[in-house]
Amino acid sequence: MTGLRIGHGYDVHRLVEGRKLILGGVEIPWERGLLGHSDADVLTHAVMDALTGAARLGDIGKLFPDTDPAYAGISSLLLLERVGALLMEKGFAVVNIDATLLAQAPKVGPYRPEMERNLATALGIAPEQVNVKATTEEGLGFTGDGSGMAAHAVVLLEQVSKRDAL
């Protein structure tokens, strides 16, 4: 069976002192970072969940459980590479990724092209197939008051032969 598959991913992490802020594989200078078992890259996590959802592979909690010490502090881009390999095994090619970071601060505009390149490189696709944007929530909710960050991602996959995937 061939066809297109859409996936949506969502992730959220609390901001804390003493952690690096990693978004889309980019270390962004900031007074706080995201709390999590891995590097807590909320943007990459949302992308991974969208990809795994579209391919019906479950979610990142199933694939990379936070109870497994092997994933403690791991780069989310490495996990994204593993997701890309699973997609290829299942015969899926990434058509495009559209991701949105929800954060009051810091401003991430200057880092977006590097985020897009990092995500694309991890999946072996062209940067033109990845779009990253960011928005504030006008001071509302946990992202607006600065206690956390969230991200949404939507992806489109095409089912192809396994050797043509990605």
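Three elements, strand S1 (3-16), H1 and helix H2 (60-63), each contribute at least two residues to the lining of the largest pocket in this predicted model. That pocket's volume comes to about 230 Å³. Its lining is made up of 14 residues, and the ones closest to the centre are His37, Ser38, His45, Phe64 and Asp66. Sorted by character, the lining residues come out as six nonpolar, six polar and two charged.

From the pocket, on to the nonpolar core. The largest one holds 46 residues, and the members that touch the most others are Leu23, Leu51, Leu80, Leu87 and Met149. Quite a list of elements each put in at least two residues: strands S2 (21-23), S3 (26-28), S5 (92-102), S6 (130-135) and S7 (148-159), along with helices H1 (42-54), H3 (76-89) and H4 (112-123). The top contributor is H1, with eight residues. In soluble globular proteins, nonpolar side chains tend to be buried together.

Leu80 gives a feel for how these contacts look up close. Leaving aside residues up to four places away in sequence, Leu80 touches Thr44, Val47, Met48 and Leu51, and also Leu119, Ala122 and Leu123.

Then there are the strands. S7 runs antiparallel to S1, and twelve bridges hook the two up; in one of these pairings, Asp11 has Ala151 in S7 as its bridge partner. S7 also pairs with S5, again in the antiparallel sense, over ten bridges. Here Val94 sits opposite Leu157 in S7. Both S5 and S7, as it happens, are also among the elements that supply at least two residues each to the core described above.

Definitions and conventions: Residues numbered from 1 in each chain as written. Predicted model: local features only at pLDDT ≥ 70, side-chain atom pairs only at ≥ 80, totals over all residues. Heavy atoms only, no water. Core = buried A, V, L, I, M, F, W, Y, C linked by side-chain atoms within 4.5 Å. Buried < 20%, exposed > 50% of the residue type's maximum accessible area, 1.4 Å probe, protein only. Helix = DSSP H or I, 4+ residues; strand = E, 2+ residues; numbered from the N terminus. Contact = heavy atoms within 4.5 Å. 1 Å grid on protein atoms, 1.4 Å probe; cavity = no way out; pocket = protein on both sides within 12 Å on 5 of 7 lines; lining within 4 Å. Points joined across faces, edges and corners; volume = space filled by probe spheres on them. Nonpolar A, V, L, I, M, F, W, Y, C, P; charged D, E, K, R; others polar. Pairing = 2+ DSSP bridges.
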